[in-house]
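Please take a moment with the sequence and the structure below before reading on. The paragraphs that follow lead from the surface to the overall form.

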Amino acid sequence: MTPLTPGQHRRREQVEGLIRLAAPALNLVLAAGERLSRLVEPEDVEYYPPRVSHDEPPPPEGSNGAPS
């Protein structure tokens, strides 16, 4: 990766500052949305928990199954 120019570095600092400034408000929006969703539909009837298996994962694609 090439080093940032002073203008790019300055712009990056400005954007990161805006993100830091907006983060608490965005966290409040997320928390309010979560509460609202739980009030509207407390139980998700379409939720299926992931199956837990203790099997080994399949070999990566392109592998012929032979040991390396």
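In this predicted model, Leu 36, Leu 39 and Val 40 together make a nonpolar patch on the surface, with an area of about 360 Å². One of these residues, Leu 36, lies in helix H1, and with a relative accessible area of 53% Leu 36 is exposed, because exposed is taken to mean over 50%.

A patch of another kind is formed by Glu 41, Glu 43, Asp 44 and Glu 46, which gather on the surface as a patch of negative charge. Within this group, Glu 43 belongs to the segment that follows helix H1, the helix itself running over 6-40, and Glu 43 counts as exposed because its relative accessibility is 60%. Over the protein as a whole there are 7 positive and 10 negative charges, and the mean positions of the two sets are 17 Å apart.

What, then, is the secondary structure of the protein, counted in helices and strands? The protein has one helix and zero strands, and its radius of gyration is 23 Å, well over the 11 Å that the globule rule gives for 68 residues, so the protein is more spread out than a compact globule. Taken along the principal axes, the box filled by the C-alpha atoms is roughly 55 × 50 × 15 Å.

The figures for exposure can be read beside this outline. Of the 68 residues in the protein, 0% are buried, while the accessible surface comes to about 7300 Å², with 60% of that surface belonging to carbon and sulfur atoms.

Definitions and conventions:
Residues numbered from 1 in each chain as written. Predicted model: local features only at pLDDT ≥ 70, side-chain atom pairs only at ≥ 80, totals over all residues. Heavy atoms only, no water. Patch = residues over 30% accessible without salt bridge, like charges linked within 9 Å, V, L, I, M, F, W, Y side chains within 5 Å. Areas by Shrake-Rupley, 256 points an atom, 1.4 Å probe, with all protein chains shown as cover. Salt bridge = Lys/Arg side-chain N within 4 Å of Asp/Glu carboxyl O. Lys, Arg positive; Asp, Glu negative; His and termini not counted. Charge placed at Lys NZ, Arg CZ, Asp CG, Glu CD. Helix = DSSP H or I, 4+ residues; strand = E, 2+ residues; numbered from the N terminus. Buried < 20%, exposed > 50% of the residue type's maximum accessible area, 1.4 Å probe, protein only. Rg over C-alpha atoms; globule rule 2.2 N^0.38 Å.
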